[in-house]
Every structure is written in C-alpha cells, then in structure tokens.
2 protein chains.
Amino acid sequence: MLQEAFSIGSHDCGDCPIRHRAVCARCEADELEQLEEIKYYRSFEAGQTVIWSGDRMDFVGSVVSGIATLTQTMEDGRTQMVGLLLPSDFVGRPGRQGSAYDVVATTDLVMCCFRKKPFEQMMETTPHIAQRLLQMTLDELDAAREWMLVLGRKTAREKIASLLAIIARRDATLHLRGTDGPLVFDLPLTREAMADYLGLTLETVSRQVSALKRDGVIELQGKRHVTIPDFGRLLEEAGDDSDGGMLA
Amino acid sequence: MLQEAFSIGSHDCGDCPIRHRAVCARCEADELEQLEEIKYYRSFEAGQTVIWSGDRMDFVGSVVSGIATLTQTMEDGRTQMVGLLLPSDFVGRPGRQGSAYDVVATTDLVMCCFRKKPFEQMMETTPHIAQRLLQMTLDELDAAREWMLVLGRKTAREKIASLLAIIARRDATLHLRGTDGPLVFDLPLTREAMADYLGLTLETVSRQVSALKRDGVIELQGKRHVTIPDFGRLLEEAGDDSDGGMLA
DNA sequence: CAGAAGCCTTGACCCAGATCAATCTCATGA
DNA sequence: TCATGAGATTGATCTGGGTCAAGGCTTCTG
C-alpha cells in the first residue's frame, strides 16, 4: 500500500521547495498567508535525533530533503523501526502532546515545520486540513499494517525484497517516473537500519542482499547504489506479485 | 499504546446500546437526528466474513458486541492479523472505496453502521467529526506501530504475554475496572487466531501458553477462561514494564 | 451412546536465522 | 602515507520456533 504521490495541489507553499501534501491540496490564498507566518525550517545532520520518544513536540511539518526514521526501543536495547520518512512525508501528531517514537535523521535532513498551536487552530477553522490529515493518516495506517504482514509472515529474503521494492517505488514516484524500465537509486539506510526495519540482524540482511545480487534480482555498484533490472521480478521475490496500488 | 476508553461523550446515539466514539464526543441534537436517519444494525455469526479485502465498502460503523479481526493474506495462504476490533471500535475508511483487509467476525457480532455517503457528507459539514476520526486513526496507528515492535523483536513468550496484556487491559477498560486486582476474562481468540496475530504457529502458541501457566503468570480454567493474578508480572513477561499509557 | 468434528496439547526432529568471530573495504584526516 | 574507524561481508556454530505427527478433550449430531 503506497502513500499518495507527493504533489496533490497545484501550488507551492510560498518559497517552500516542496509542496505540503497535508495542507496545500485545496489551500486558498489567505490560508497560504497564514501558513507562511507559522512556518520555519530546521536542518539536522546525519545521525542527529530530531525528537526523543516522550518528548514534548511543539511542531508538525514535512520532510523537505533527506531521510528520517521512526523507531521504538525496548529497555534492553532491542529496537524496531516503525516508519520511514522520505521527502514530502508528514511528521507530527496534531492534538497530541509528545512524540510516541524516536525520530532520527539518517541522512542530512531538512524539515519544513509549522508551529503546532497555530497549526491546530488553523485545523479548527479550515475543515479540509483535518480531512486531508485523516486521509494521510489512513495511508500511514495502511502502510503500517502492510508492514505487519512483512514482519510477521515473510522470510528474510522476502523482507529484503519488500524493503527494496518500497524504496524503489517511493523513489520512482518522487522523481515522477514509472516502474517500467530499470530502476536506479541509492539505499538511504545502513545494513543495520535495514535490519531494524525488518526485524532481522545486520548479518542476515547482508547475506540476503548478497544472495539477491548473486541471483540477479538486483545489481550493486558499491554498497549502496542499487539497480533493479526487473521490478516485477523483485515483487515476486517479495512474495507480493499483486503490484498493490502502484502510483496511487 | 491503548485506544481511548470507549465513552467520551455524555449521551448515547438514540437507542444505540453503545456510544459512538467517532461521532458522539461533541454531537449536537440535530446532528444526532441526522445520524439516526442513516443508522442501521447488522449481525454476523461467528466465522462469518463481514467484508473481503478489496470489496466495495458502503458503510462505516462501530462494533456493538462481539469481536472481529482484520487480516491480510498472501497468495500462498500465509495470513497476518493486522487489527483486533473490540466493542466500541470503529470500522471503516471514510473517503476510501474498498476495504484494505478481510474483516471477519470471530464471535457472534453486532455492528452499528452508518451509510457511508451521507456520513461523509456529514463529515464535510461537521468539522469535529473529521477531527475526532483523525484522533482515533492516530490511536490505531500507534497501536499498529506498537505491534510492529512485538512482531519484529519479541520472543514467542513475550508475544503471548503482550497479547494477553492487551486483551486484559481492553477488557478491564471496557468494564470500567482498573488493572490492580486479579483480572479475569475470556479469550476471544482460538489458538490459531492468536498465532495469526502474533506471527507464530498455533503449536508455539499452545506451548507458550502452557509455559506461562506452568510458571504461574496466568491461570486457566478450561482453554479460554483466563485469570491474571498479577498484571505487573504479565507486563514484565511482555518485556514492557513501562505500563504505557494505561487507562488513557 | 457412538461417532465425528473442532480445537488443543505434546513430542520428536529440523532448519532459518541468530550469534560469535574474523576479515575486508573504504573514506577521513593527520 | 598510513593509521583509524565505521560499515559491510563471510564463515562456523547454535537455537528458537517451525514442521510433522500422534493423541486428548469437548461439544455436536444422529
């Protein structure tokens, strides 16, 4: 279940380099003005924590560039990634106090934020924003539940293939390409981060990536640069031929 | 992460035996009248499928009594439960065409439904409904992500303990009790359904339930009637001492 | 009351993936 | 230029949970 393509509306938020899926879809000029007033940018370096689980979170926003992850950690240190934030993804929990997860920048990251209080007030007076956020949250819920199937029932090889398929597809969507020809992209995650996403160890990830390479499902230039010669083949390996809702 | 207690508002929806978390929180009298008009009940027998994944879904609603499950299935038959619907839980995807999962009644089930079209129209004109649904969807998202940690990183024993804790807590909340004294409830799931929820086989579920019984973490009368003498102990077994947000 | 059908339990064995450990590959920078 | 260290690979071994198989309990039904 793929999240909606990133650009719904037909205008940008002022000088913001991305279009905010959450708020732009049906924005009027005066709403955009309101948004400008409460908008600001934040930059993070790779590895930096954007916000800790439980911490007060006084903003909502979108990823402009870079990648962030949502992770949960148990007392004994076991961690599970529960979300992957790519450019245009929304971050934040309108109406909630704190963050439920650690949000960590895995690459250099730029976010476009709105101050939370006024944003929530805007939500009250501008019904379509709440509706838009509801749609996006339903998308996230679908993605999370799709991932439950991956975590609960797929083999290590299928898990890797599923992750590569998601990233490849998101990447293609972001660059407004289809998934027909060979797909080329840079893996935004270390083997360890992949393992945390997939509920595996990094060694198993490494082995299965090697195996997929050996079997010609993927090609690797270096450790991170990936080519998918045949996306359909990859989906088969993911145990997921039903090319579920591509290019929403 | 527990879903909100089931009754937020201070009135019932007409003769409906439960309070609809989604719509009642701030309903006005005339809205209630509108709701009455588009409301109807549906009953299902244990085992019956409420709706198949992909099917057109022309209603939204709440569970009145009984239990339903949301499941996803792979082509080869592997299945993963992705949600558990207890009384007062909301079902439906406003703004979406079809269901993304199979919804199956695991016990006899009564649902209170609203026709989807008019409900959506009401959402447009009654902003608080969309906001309320957003909050509930965020709760579900939290629950789904919490479950990703269970599926990805917990041992079989911890998984069983986690499931029992969730059901025990929901049951206590539903009956407006705390989790201090011993908790007693009936398991609404077969061993197989538990396995589908936990990403295990039914044999492993059976073994771990027996082990928890042997170790005094739970007591069993018959196969389904469970007593939790010490809820804190159960949470420890679940690897989850942080009694996360109980009785929201 | 016998037989059948669900559901559950328990045992024996096996294997996918975890764990432990050694080595490799680069990019960085002194 | 050569240390340094973070990330990745690969091998050897171990084990939690899967798989296969044999019963055991209840609740229906005839």
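These notebook entries record what I looked up in a predicted model of two protein chains and two DNA strands.

**Entry 1. The two copies**

I began with the relation between chain A and chain B. In general, two copies of a chain are related by a rotation about an axis and a shift along it. Here I found that a rotation of 180 degrees, with 0.0 Å of shift along its axis, superposes chain A on chain B, and the RMSD is 0.0 Å. The two copies are therefore related as by a two-fold rotation axis. I also noted that the same surface serves both copies, since 100% of the contact residues of chain A recur in chain B.

**Entry 2. DNA strand C**

Which residues come nearest to DNA strand C? I found 17 residues around this strand, of which A:A156, A:T204, A:R207, B:R191 and B:S206 come nearest. I sorted the residues of this surface by character and obtained 3 nonpolar, 7 polar and 7 charged.

I then asked which elements supply the surface. Helix α7 (202–214) of chain A and helix α7 (202–214) of chain B each supply at least two residues. The largest share, 5 residues, comes from α7(B).

Next I looked at the DNA side. Of the atoms of DNA strand C within 4 Å of the protein, 60% belong to sugar or phosphate, and the rest belong to bases. I recorded polar atom pairs of both kinds. For the bases, an N or O atom in the side chain of A:E203 is 3.2 Å from a base nitrogen of DNA strand C. A polar side-chain atom of B:R207 lies 2.9 Å from a base nitrogen of this strand. For the backbone, a polar side-chain atom of B:R224 lies 3.1 Å from a phosphate oxygen.

**Entry 3. DNA strand D**

I repeated the search for DNA strand D. It is surrounded by 17 residues, and the closest are A:R191, A:S206, B:A156, B:T204 and B:R207. Of the atoms of this strand that come within 4 Å of the protein, sugar and phosphate account for 62%.

I listed three polar atom pairs here. A polar side-chain atom of B:T201 lies 3.1 Å from a phosphate oxygen of DNA strand D. In the side chain of B:T204, an N or O atom is 2.4 Å from a phosphate oxygen of the strand. B:R207 has a polar side-chain atom 2.8 Å from a base oxygen of DNA strand D. The elements that give two or more residues to this surface are α7 of chain A and α7 of chain B. The largest share, 5 residues, comes from α7(A). By character, the surface residues divide into 3 nonpolar, 7 polar and 7 charged.

**Entry 4. A residue of helix α7**

I chose B:L212, which lies in helix α7 of chain B. Is B:L212 buried or exposed? B:L212 counts as buried because its relative accessibility is 0%, below the 20% limit. Leaving aside neighbours within four places in sequence, I found B:L212 in contact with B:R157, B:I160, B:A161, B:L164, B:V217, B:I218 and B:E237. B:R157 is 55 residues from B:L212 in sequence, yet the two are 7.8 Å apart in space, C-alpha to C-alpha.

**Entry 5. Strand β9 of chain A**

I turned last to a strand. In a regular strand the side chains alternate between the two faces of the sheet. Along β9 (residues 183–186) of chain A, A:L183 and A:F185 point to one face and are buried, whereas A:V184 and A:D186 point to the other and are not. I found that β9(A) pairs with strand β11 (residues 225–228) of chain A in the antiparallel sense, over 4 bridges. A:L183 stands opposite A:I228 in β11(A).

Notes. Residues numbered from 1 in each chain as written. Chains lettered and ligands numbered in written order. Predicted model: local features only at pLDDT ≥ 70, side-chain atom pairs only at ≥ 80, totals over all residues. Heavy atoms only, no water. Near = heavy atom within 4 Å. Polar contact = N/O pair within 3.5 Å; in protein donor to acceptor, adjacent residues only side chain to side chain. Nonpolar A, V, L, I, M, F, W, Y, C, P; charged D, E, K, R; others polar. Buried < 20%, exposed > 50% of the residue type's maximum accessible area, 1.4 Å probe, protein only. Pairing = 2+ DSSP bridges. Least-squares fit on C-alpha atoms with pLDDT ≥ 70 in both. Contact = heavy atoms within 4.5 Å.
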